[in-house]
Amino acid sequence: MNTGMPAAARNGAVAGLVGGLGSGVALAHTGLLTAMTLIPSPAVSLAVYLGSCVVLGVIFGALLRQTPTEPGQMIFWGLTYGTLWWYVGTLTLTPLLSGKPLGWGIGAATAAVPALIADAVFGLLTAAVFAVLQRPPTAPDWRKSLPRSVAVLARGVSSGLTATAVLAATLGTVFTSIASNTTTLVVLGMTTGICFAVLYPHSQHATGPAAARGAALGFGIWIAGPVCLLPALNGTALPWAAGQLREVFPALPACVLLGSAAAVAGTWLSGLRRLLFADPAERADEEGLGTRTARALVRGAAGGIAGGLVFTIIMAQIGYLGTVAQLAGSTRAGTGLVIHVLISITLGSSYGLFFRRQSDDLSSGIGWGICWGFLWWFLGALTLLPLWTGGAPQWTATAAAAAFPSLIGHIGYGAALGAVFHTLEARYSPWWMRDDIPSTVRAQLSQHRSQLAGSAPGAWASVILVTVTLIIVLPG
Amino acid sequence: MRRFLMASGALLVGYAVVGALTEPDVNKVGVLIFLVAVLIFHDALFLPLVIGFGALIQRAVPGAWRGSSRAAAIISLSLSVVAAPLVLGVGRSPDNPSVLPRAYGHGLIIVVALVWLAALARRLAVPGDRNRLRGTLAGLIVAAVVAVIELMQNNMTVASAGLTPGPAATAVVTVIGGALIGAVLRYRPGRLLSLMTFGVSVGLLWWAIEWLTVLPWLAGHRVSWSLADAQASFGFLAAGMLQGGLTAALITAVTVDRPASGPATAETAPERPRIVVVGGGFGGVAVAQRLERRLTNGRSSADVVLISDSNYQLFTPMLAGVAGGTLSSQHIGAPLRATLRHTEVRHATVEAINGRQQTVSLRSEAGDTATLSYDQLVLAVGAIPNYRGIPGLRQHAFTLKSLPDAVRLREHLIRQLELAEAQPAATERRRLLSVVVAGGGFAGTELIAELRDLVHAVRRYFPRLDPAEFRFVLIHAGPRILPELDERLAEHAVRRLWQKGIEVRVNVRLSSVDEHAVTPDDETVIPAATVVWTAGNTPNPLVRGLGFDLHHGALACDATMRVHGQARVWAIGDCAAIPDESAPGRFLPPTAQHALREGAALADNIVAVLAGRRPKPLRFRTIALLVALGHQDAAAQIRGRLLSGRLAWMLWRGVYLTKLPGLDKRIRVSVDWLLDMFFPRDVVLPRPVRADRLDDDADDSPAEASAETTR
């Protein structure tokens, strides 16, 4: 995708208008718009809001004009853009322009939670519309595209259903309670799977990046489903205020895990198809399976140890080692430390296995690493640890707030893991980090790099930003 | 200088001893215990920790960061060890409180943090990386602006009052963070959004470090990473993310129109020294590998070129295994291109070297010629068999210097079994079944044991052959075989060989060899169809034509491995005569163990010379000597300790397996050994035994073919 600036700005303006309509009407419906814009008249405030959305859409179009990413993947950039705009616009520029102090205090931020949701909705809608408008105007060949689309949909449905079934079987009512009935749950699962399949119709990603992107998709599903569409369909008020949002918070970890599981299932299905039917040359690698797996495991373990050391400091300080020791039926810190180190190494090795070859600079390494840490905060600290120590998953906003030190630990763990793993991988000058490669390989490299430079940073940023912001702001 | 220091140390020790003995108040037992404890503490704890740290940094840290990281790690460790008793409160009396403003542990952490900050600053201050300097400055500017804005936000400073020691400390930490954020952000074309999002993420990370960790800790607030602290400093989270994003934008603005000075292009790259290594054996590969580690930092600070006439490194200690049929030939060769990822590997033969113009002339396998200039040249071209002018030896004897040698020898031996099976005449059959190996060193001893194992492992396929007709003879010119080993161990080896039916004849030299028999100088003719020569090598003939100083045909070097009279030419391995510093008048032996150590030391010397320092002489003592004696038997000498039998055999396999380059090769060889334990050896002959082909084979004599390969 590489269109001219005027066309991109025009498309961005239209996309911004549509996005603004979506979020603005919802805000107006809940009566929050006038408070946000500080204009008493609802009509004028909506007009001003839409005007600002058009400007934001133009900026979005200009920024994303040359970003080499598949159209569907832009959704993550939209989510990131919306969340960032909440910090820049709602908390900073709006107070400044209205002569008030910056809204950087926790009180102002909590009061501005509806705007956070509105900005996220705006970002998602703007990105989706912009992606559609930016598509080249070619008539689709239905004879070719129809079977492909059916295959993509089938993959999406099956991966979504599989993820839903696995999570429901593993977690029980904690997971199934995010929907009012089984049908809604199945629809939610299928929608998640289809969304990922549509976003990545030609998915050839590794498992790790797919899981991270799935987590980012989970945020989008949470906002679109439990926060917007499900209340709207049920005829209840949109739960966008901080207090109301706390009530639907338990659906957030569920959606994130559902998104990740569906993405992983979809990716594995894709991989299975390639394994069975694709040309073996397509799967050829520069190293044998044994060598590359062993190297990935060892490098990941080294990164896991480094990350584990960072995490150990936090664990020791907050006295969390005793909690971890409960996994082995003990309460001793020493036992907890041993278990923590083993978990760090295991997660590090699995990171190596799933994120091999996925970083071509330090930033991408750290980005993936933090995503992995976040994912394991949801899956480990909030879900598996309580489950394996005899309790139930702790998915409430209060429990998440109590686990905030663990979140910081997971961020540190992931950042150190990603940085060390990338450094060890880069020492061998692999082909995807070199410039002196044949032109035929360069095309493959270009595709690989465009994925890294394209949707991947959007996915990392949306995972990082939305999680940290919500966890801090929601408990009040 | 060394002696002076030793003498000074001895004097001081003497003074202390006299003082301790003559002073009546000194607790002599306590002093003794203290000294022993210090010794144990130093040797058993401190030294291994320092060495471990150094090795870890050497392996894991990129080249350019190693120096400062190593210095910081050693200083931190030393400080921690010294401060440990104070931090732990060993011997502290409650009625004697510390007068220091903060706890010892906190003070130690501050000092260690300062050490690492200094190391970071030292690295960032290295001239030449303009992008990093630019990024650091951009980070500083943005951080200064953000710090001022933060100070002006009264509500934020009030909310976070308990988390920080004061505005000045906050501003300082924020500015330091800005510099760090700017230093790690690097603009790459087409990655603007990626950079900005990474900037925002790094801003978030720095917020966690600054506001949830460093500032609360400096303020004496409990560091708990709690949500309450996060909420109290929420404004600074927003500020940190904006700071990261703005720093990324500023870096992009000041970098985007400038020529890239990060990844060097052919046009912009400064002239880098080129180090040319000739030879792909143990020595050459060891040099290149060590240079890769020392000089590589994602991108290399020197060009390393390795020229070899084979595209793999041969693991010669296992050649006898290939000849004996226990190992597949390809499994003991490591491809150079797989081993050396940062080295340019040229598959070519060196035809000439011009020391004055500093050039090397090459001829590729296709016959193309090329000339390559060098700044430093390493010659590790090895040796070839020396036939010592013995009549018929070159034409009728096998050697064991290459993979084809080993494969040819195995095939020849299997073929003799086939021929003997069909041979009705007993005399001729006994000749076909006789094997003579000349040379009782490691290669010859291991080879004859392996060949004997091969023959006895497959003889059940040849039921007409009488085991009594097999004959294996090991001839050695010296008074005892395995002269490098301890005499007792050599005697044990001889005993074991005799028990296996191998004749060991010492003080015997070959007089002549023909296609039917071997004639030693004691005139006892040995009819034999298989003769193997492992008794002598001579340095590669290439070194003779270079015009450099020679010593017994090898390049005369000083103890730093530099060739006499040549400032930029170095030599190691079998082609070099390197004085042994630990035994004046002697030279380092031509073993793989020494070549490996010479290679690593030479690479260090080249790095030192490139950095303007003086090279160091090599000092190396043999660690262990191992010799396999066939069928799960071996002899080993480790730092003077002797070992034999199955344990020594396991040690032999274990040691050589770890030395084998490449994980895949280790696994392949392990699998070969495993299969050999459970299944019979193979007797497949790639070429059929037919009379019309035998004439061809006779023309294609083993040594001629071997010489061709070596050339």
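A positive surface patch, as the term is used here, joins like charges within 9 Å of one another, drawn from residues with over 30% relative accessible area and no salt bridge. In this predicted model, such a patch is formed in chain B by B:Arg597, B:Arg621, B:Arg639 and B:Lys659. Of these residues, B:Lys659 belongs to helix 20 of chain B, which covers residues 646-659.

Chain B also carries a nonpolar surface patch of about 810 Å², whose members include B:Leu663, B:Ile667, B:Met677 and B:Phe679. B:Phe679 lies in the loop that links helix 21 (663-678) to helix 22 (691-699) of chain B, and B:Phe679 counts as exposed because its relative accessibility is 52%, where the cut-off is over 50%.

In chain A, by contrast, the residue to consider is A:Gly89, which sits in helix 4 (residues 74-97) of that chain. A:Gly89 counts as buried because its relative accessibility is 1%, where the cut-off is under 20%. Along the sequence A:Gly89 is 26 residues from A:Ala115, and their C-alpha atoms are 10.0 Å apart in space.

The two residues with a stated accessibility are set out below.

| Residue | Relative accessibility | Class |
|---|---|---|
| B:Phe679 | 52% relative accessibility | B:Phe679 exposed |
| A:Gly89 | 1% relative accessibility | A:Gly89 buried |

As for confidence, chain A has a mean pLDDT of 84, with 88% of its residues at 70 or more. Within chain A, confidence is highest in helix 15 (residues 333-354), at a mean of 93, and lowest in helix 19 (residues 439-453), at a mean of 62. Where pLDDT is low, the predicted coordinates should not be read in detail.

Conventions. Residues numbered from 1 in each chain as written. Chains lettered and ligands numbered in written order. Predicted model: local features only at pLDDT ≥ 70, side-chain atom pairs only at ≥ 80, totals over all residues. Heavy atoms only, no water. pLDDT = per-residue confidence, 0-100. Helix = DSSP H or I, 4+ residues; strand = E, 2+ residues; numbered from the N terminus. Patch = residues over 30% accessible without salt bridge, like charges linked within 9 Å, V, L, I, M, F, W, Y side chains within 5 Å. Areas by Shrake-Rupley, 256 points an atom, 1.4 Å probe, with all protein chains shown as cover. Salt bridge = Lys/Arg side-chain N within 4 Å of Asp/Glu carboxyl O. Lys, Arg positive; Asp, Glu negative; His and termini not counted. Charge placed at Lys NZ, Arg CZ, Asp CG, Glu CD. Buried < 20%, exposed > 50% of the residue type's maximum accessible area, 1.4 Å probe, protein only.
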